[in-house]
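This briefing introduces one protein chain to a reader who has not seen it before. It starts with the overall fold and then turns to single residues.

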Amino acid sequence: MYANFFKRVIDILFSFIALCVLSPLFVILSIVGAIMMKGNPFFTQLRPGKISKKTGEEKIFRLVKFRSMSNAKDKDGKLLPDAKRLNKYGKLLRSTSLDELPELLNILKGDMSFVGPRPLLPEYLPYYTEEERHRHDVRPGLTGLAQIKGRNNVEWETRFQYDVEYVRNISLAFDLKILFNTVIVVFKRTGIQSSVAGNKEGNLAQIRSEKQYK
């Protein structure tokens, strides 16, 4: 009952309240971001969501975040390397998780939930095992079990194990425990990848492809 009904009701209610309460911060970061990034303060990217019962495929949605890398270009009009586009403001957003604030809109819309497996990239879809794909049996989350277990320092296989464990044990108590521990992790700033290196184990598609052809 909780997973199929009350979880969504709670997401709608609290995402709406959070957006109202945090609207001043939202406006400030939008203005500061536009100045620091010299343009659009928002970053959007397609991500896979919950598997549709009708199609049997993941719903692809547009995730919204505050931009943490500028659009700075070289003299030829090409984007500079990621390391040069990630400025101090962007690092601050990532380390405090403030770049995730606009995802409240995704939660309110129904693309995401407060708690669930973090949405990854669509190009990773062909590389999941049948077991790992169960992470998409629920809406992706703003935070999840893997995030309180090490965030970006968790290797892919371990991360997916945590995701599936969450899907199979969803409860209000479990969600509250994850949310509480997320607050602790954010304040301690543990397991954060504020650089451009990404996940500890690298690109999933590349790794799985290499294993396949060994």
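Helices and strands here are DSSP runs, numbered from the N terminus, with at least four residues for a helix and at least two for a strand. On that basis, Tyr-127 lies in the loop between β3 and β4. The model is a predicted one. The chain holds nine helices and four strands, and its order along the sequence is α-α-β-β-α-α-α-β-β-α-α-α-α.

**Overall shape and surface**

- The radius of gyration is 18 Å, close to the 17 Å that the globule rule gives for 214 residues, so the chain is as compact as a globular protein of that length.
- Taken along the principal axes, the C-alpha atoms fill a box of roughly 55 × 50 × 35 Å.
- Of the 214 residues, 42% count as buried.
- About 12,200 Å² of the chain is exposed, and carbon and sulfur atoms supply 60% of that area.
- Among contacts with a separation of 6 or more, 72% are between residues 24 or more positions apart.
- The chain carries 35 positive and 22 negative charges, and the mean positions of the two sets are 6 Å apart.

**Nonpolar cores**

- In soluble globular proteins, nonpolar side chains tend to be buried together.
- The largest nonpolar core of this chain has 26 residues, and the members that touch the most others are Leu-29, Phe-66, Leu-101, Leu-104, Leu-145, Tyr-166 and Ile-178.
- Outside its neighbours within four places in sequence, Leu-29 is in contact with Phe-66, Tyr-89, Leu-93, Leu-98 and Leu-101.
- A second, separate core has eight residues, including Leu-120, Trp-156, Phe-160 and Ala-205.

**Glu-103, a buried charged residue**

- Glu-103 belongs to helix α5, which covers residues 103–109.
- Buried means under 20% relative accessible area; Glu-103 has 0% and therefore counts as buried.
- Beyond its neighbours within four places in sequence, Glu-103 is in contact with Leu-63, Val-64, Lys-65, Met-112, Arg-118 and Leu-142.

**The loop between β3 and β4**

- This loop runs between β3 (113–115) and β4 (141–143), and Glu-130 is found in it.
- Glu-130 has a relative accessible area of 71% and is exposed, because exposed means over 50%.
- From Glu-130 to Asn-169, 39 residues apart along the chain, the C-alpha separation is 18 Å.
- Tyr-127 is also in this loop, and at 26% relative accessibility it counts as partly exposed.
- Tyr-127 and Arg-208 are 81 residues apart in sequence, yet their C-alpha atoms are 6.4 Å apart.
- Leaving aside neighbours within four places in sequence, Tyr-127 is in contact with Glu-132, Ala-205, Arg-208 and Ser-209; Ala-205 is also one of the members of the second core.
- Arg-139 lies in the loop as well, and its relative accessible area of 27% makes it partly exposed.
- The contacts of Arg-139, again without neighbours within four places, are Arg-8, Lys-50, Gly-110, Asp-111, Met-112, Ser-113, Val-115, Gly-116 and Pro-117.
- The C-alpha atoms of Arg-139 and Glu-103, 36 residues apart along the chain, are separated by 13 Å.

**Helix α2 and the loop after it**

- Ala-34 is in helix α2, residues 23–36, and is partly exposed at 29% relative accessible area.
- Not counting residues up to four places away in sequence, Ala-34 touches Gly-39 and Pro-41.
- Ala-34 and Ile-10 are 24 residues apart along the chain, with their C-alpha atoms separated by 32 Å.
- Lys-38 lies in the loop between α2 and β1 (42–51), where it is exposed, with a relative accessible area of 77%.

**Positive phi outside glycine**

- Lys-38 has a phi near 55°, a positive value in a residue other than glycine.
- Ser-97 is not a glycine either, and its phi is positive at about 65°.
- Ser-97 is located in the loop between α4 (88–96) and α5.
- Is Ser-97 buried or exposed? With a relative accessible area of 17%, Ser-97 is buried, whereas Lys-38 is exposed.

Technical notes
Residues numbered from 1 in each chain as written. Predicted model: local features only at pLDDT ≥ 70, side-chain atom pairs only at ≥ 80, totals over all residues. Heavy atoms only, no water. Buried < 20%, exposed > 50% of the residue type's maximum accessible area, 1.4 Å probe, protein only. Core = buried A, V, L, I, M, F, W, Y, C linked by side-chain atoms within 4.5 Å. Contact = heavy atoms within 4.5 Å. Rg over C-alpha atoms; globule rule 2.2 N^0.38 Å. Areas by Shrake-Rupley, 256 points an atom, 1.4 Å probe, with all protein chains shown as cover. Lys, Arg positive; Asp, Glu negative; His and termini not counted. Charge placed at Lys NZ, Arg CZ, Asp CG, Glu CD.
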